[in-house]
Every structure is written in structure tokens, then in C-alpha cells.
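Grab a coffee and work through a few exercises on how this chain is put together. Try each task on the 3D view before you read the solution.

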Amino acid sequence: MKVQFCGAAKTVTGSCFYLETGKYKVLVDCGMFQGDPELEKLNKEPFPFDPSAIDYVFLTHAHYDHCGRLPLLVKQGFKGEIISTQPTRDLTQLVLLDSAKVQEEDYRRSVGREGFEAYLHKKDSENVKVYNGQIKDSLYGDATSSDDNAEYPLFNEGDVYETMKYFRIYEYGDSVVLRDGLEFRMRDAGHILGSVTFELWIQNGDGKQRKLVFSGDLGQPGQRIIRDPDMIRDADFVFVESTYGDRIHKSKDETVLEFLTILKEAEKINGNVLIPIFAIERTQEIIYELNLFYESKLVTDIPVYLDSPMASDATEIFKRYPAFYDEDAKRLLEKGDDPFNFKGLKFVKSVDESNRISNQKKSIIMAGSGMCTGGRILNHLINNLAKQSTSIIFVGYQVRGTLGRRILDGQKSVRIRGREVESNAQLHTLGGFSAHADERDLMYWLRGFGHTPRMIFICHGDEDIATSFSDKVKTDLMIDTHVPSMFETVDLEKY
Ligand SMILES: [Zn+2]
Ligand SMILES: [Zn+2]
């Protein structure tokens, strides 16, 4: 039995594990690389395995860095099954469709009308042609492009709908024998709605069974709306994320208080509060918190704009699955309070409306993308970043190389859509809203395994963080750890 680390190895994006069991070939996640241009190049490369030979993809959750390359997998010949929860399926469709749209818009901007018409024509005629498990080169290099740097869309909405056909839905907690020698169970990872930690029982080449656990992204306990991560009691091999393996988040109470203080201050000085949001989970958690502020009249005089059609759609999906909520959120619902709506909250649809609110004073604007790599937040930053009265609240991890990271790192001036913008705003990080477990949460979760693991693989973290976390796990738990490199293959039968 072999595992190859095809993403999220010494970095946080592109999550993808390739497993050869001897009998079967499976993937855990198939995510997009984001942020670092060197890594993003990998999105255009053929997979280091044959997609048409993959039997199953175990999809942990709907974040783009975990599901983003699924359409590429399908375009390159995948015919197996994608295993997930129902909310993950719905959210993945939303995320992939949004990505297809954004890619097309970016392409249209860079090649102009003529180039784009040629693209549309070609999309109709040959976009889904696949040759020997590899996409034809012409799909990536566009001869009609007037701009050599134009990024040809990696997939379009048709590819997304094609991908959705391969989904198979399962419930948390059920042990499922998929095939002889391949069994799995989904546990709640407590990260975003529908997120999963996979337990896989696989027969080794020697006929013995081995249990592998893939953490997926782990949530922090006590998150609003969703439940805490399930503890898992044993495993031969654990593959754990380490995004925040070097950090302790502030407590939820402290975070909520800090959030409230920022809003009160903005109310007082007529400032704008910009929150670059991740459409899924963080947005809903923040709306949930704001709902509580407004319902208890702690904040009254400052309008809240959710300026992200995608986040609005994601919120609708959240409303569809109350069975996945934790006790507190269920209780709110039972009391008749819709946790995702309150007086003062406005869902912004059109770009015109978005432009209008951008120049308003005293408002809370939540807009994507979460790391300021695109989307409506850019326009709001152009209009507000230079003002000292502006507050920017970062609520999630800012990948190296992204605009969000540059602002957060304190650059005095940043380039946004081709112009230099001074950065004078007040910067805040509310890590307590993070959908990721911190170092303490990760250690707590790993302790659940006792001394059963033969090896813990530390994945999904920047190299320095993964390495220091690996050392900590080794010392504290006295279990062997390994920080895999990109594309490294490990023979698990050696252990
Ligand atoms: Zn995630
Ligand atoms: Zn992730």
C-alpha cells in the first residue's frame, strides 16, 4: 500500500492524496493550488497518476483547495465515484460554478472581445475532448489569445455539471464496505458544514487490514452553527492538517468582544468596516454573531452588507441543512430566530449596488474573496484602504503571496487592479473566527488516538509550521511523525 502526496505538502493548498492499495486506486481530495504562482502552475500540469484508473475520491469538504481540481480530474478521464456528504455536494457545486465564472471573466478581461468570442466558439466545439487521459495541449495554450499572460479557463460550467454526476452521498457514522478490502466511515470534522474526517480500512498487500485516518481540515471546537470535530480512537496511519500548528487562537469570547469593539468604534467615527470573507462557513458564522448583536441591540446604527452573491447562495444552502447544526443553532431556530437574518442585513446583488455602498460612510461590508485575490472586495479596498477610519478584519488564513497577506503584513502601499493604493486602514485579525483548529486543538484531537498510530503525517501547513508542529507531536505524543514533500511517495507497508 502506497500513498503519494500530490498537494498540501509543506503548503496549505492543493490538497490531494493518492493511494494505491494493491487492488484499488483512490484519492482523498482533489483541490486547487492557490496563492503562490509557482504552485498555481501545477494546476495546469497533468496529474502524476492516471485519472481514468481512480476508483474513488473521498472528498473531505467543499473548500476550493480540496475540491477545485475535480473538474480537471473528470476532464482527464475519471469515471469513478466521488464520496461526500450532501452539504459538501451542494457547496462544491456552488464553489466550482463560481470558479468557472470567475475564470471566464478574468479571461474575457485579458483577451478582449475577439479573443473571448474565439474562446466561446472553441468551448462549444472541443472543450470536453480528452485524449488518452490527458487534456489536449490546445486547451491550455490559446493561440487566439492577444495577451500571452491570459489565463485560459481550466474548466467551465459544463465541466462542473459533468463532475457533479459522479457524486455519491453518504451519512456521518455509517461504516460502509465499498469493495472487498475497502471500507470507510465519515466522521464530522467540525470545519465547515458537511466537512468530513475519513476513516479508511484497507487491506494491505499481505492481507492484513490497516486503518488510515485523513483529518481533512479540522474545525476549532466551539464554532457557531456546526458541531465540534469528532474524536477518533485509533488508527495505523494519521494524515493531519497543520494550518495553525504554531498558533493559539484567542478564545471565542475574546474574539466576539474584539469584534464588537471594532464595530462600536466604526459607529462612532463613521468608518467603514471591510471583512474579506470566505463564502462558506466564516460568512455564516459572522452573520450568526451579528444577528446576536442586533437582536440584543448591542449594535443598532450601522448597516451590514453581504456583498457576495456566492456567500448569499452558500447561506441558502446552510438554511437547507439544520440537521447538521449544533445544539445552540438548533435552539435559536426553535425559538423562531432565523440565525442568518436580522434587520440591518442587506444582501447586495448587482455590481452597481456594490459600487454605491463602497463610497458610503459607516457600514460593514462583507465581500469576497477571503484572501483578496479577486472579487468585489478589491473595489472596496481601492475605495477605503487609504482611509484611517477604515477597519479591515481578517477572519481567515491569508496564504503567502496573496493581496490579503501583503496588507496584513503591513505593506504601506499595495497594487490592486493595476493601481497603487496606500494602506492606512486599521488592521485586525480575528483568529477566533477561524474555521481551523489551532495548535492546542490539533494536539487534543491527536491525543485521542492514544499510542495506536505507527506514523502521523503532518500535512496542509506551510513548511516551517508543519515542521515545528511535527517536532512537537513527536516529543509530546512519542509517536513517529513525518512532514511529506510534494509528490513524495511513501510505502506504508514498511511500517
Ligand atoms: Zn477547508
Ligand atoms: Zn484546506
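Helix axes here are lines fitted to C-alpha atoms over the stretch in contact, and angles run from 0 to 180 degrees between N-to-C directions. Helices (H or I, at least four residues) and strands (E, at least two) are DSSP runs, numbered from the N terminus. You're looking at a predicted model, where local features need pLDDT of at least 70, side-chain atom pairs count only at pLDDT 80 or more, and totals for chains, interfaces and linings use all residues. Residues are numbered from 1 along each chain as its sequence is written, while chains are lettered from A and ligands numbered from 1 in the order in which they are written.

**Exercise 1. Work out how helix 13 packs on helix 14.**

Step 1: find helix 13 at residues 439-447 and helix 14 at residues 463-477. Their axes come within 11 Å and cross at roughly 45°.

Step 2: classify the angle. Under 35 degrees is roughly parallel, over 145 roughly antiparallel, 65 to 115 roughly perpendicular, and the rest oblique. So helix 13 is oblique to helix 14.

Step 3: get the hand. A crossing is left-handed if the near helix is turned anticlockwise from the far one by less than a right angle, and right-handed if clockwise. This one is right-handed.

Step 4: list the contacts (C-beta atoms, placed from the backbone, within 7 Å). Glu439, Met443, Leu446 and Arg447 of helix 13 meet Phe469, Val473, Asp476 and Leu477 of helix 14.

Step 5: sort them by class. Ala, Val, Leu, Ile, Met, Phe, Trp, Tyr, Cys and Pro count as nonpolar, Asp, Glu, Lys and Arg as charged, and the others, Gly among them, as polar. The tally is five nonpolar, no polar and three charged.

**Exercise 2. Do the same for helix 10 and helix 11.**

Step 1: helix 10 (residues 351-358) packs on helix 11 (residues 377-384) at about 25°, with the axes 9 Å apart. That angle makes helix 10 roughly parallel to helix 11.

Step 2: Ser354, Asn355 and Ser358 of helix 10 touch Asn379, His380 and Asn383 of helix 11. By class, you get six polar residues, no nonpolar and no charged.

Step 3: check the hand, and you'll find a right-handed crossing of helix 10 and helix 11.

**Exercise 3. Trace the pairing of strand 2.**

Step 1: pairing takes at least two DSSP bridges between two strands. Strand 1 (residues 2-5) runs antiparallel to strand 2 (residues 17-20), with four bridges. Here phenylalanine 5 sits opposite phenylalanine 17.

Step 2: strand 2 is also joined to strand 3 (residues 25-28) by four bridges, again antiparallel. Tyrosine 18 faces leucine 27 across that pair.

Step 3: look at the turn. Strand 2 and strand 3 form a hairpin with four residues between them, and glycine 22 there has a positive phi of about 105°.

**Exercise 4. Find the edges of the seven-stranded open sheet.**

Step 1: write down the order, 9-10-11-12-13-22-23, with mixed pairing.

Step 2: strand 9 (175-179) and strand 23 (481-482) are the edges, each pairing on one side only.

Step 3: strand 22 (residues 455-459) meets strand 23 in parallel through two bridges, and phenylalanine 457 has histidine 482 as its bridge partner.

Step 4: add the helix on top. Helix 14 lies across strand 22 and strand 23, at about 155° to strand 22.

Terms used. Contact = placed C-beta atoms within 7 Å.
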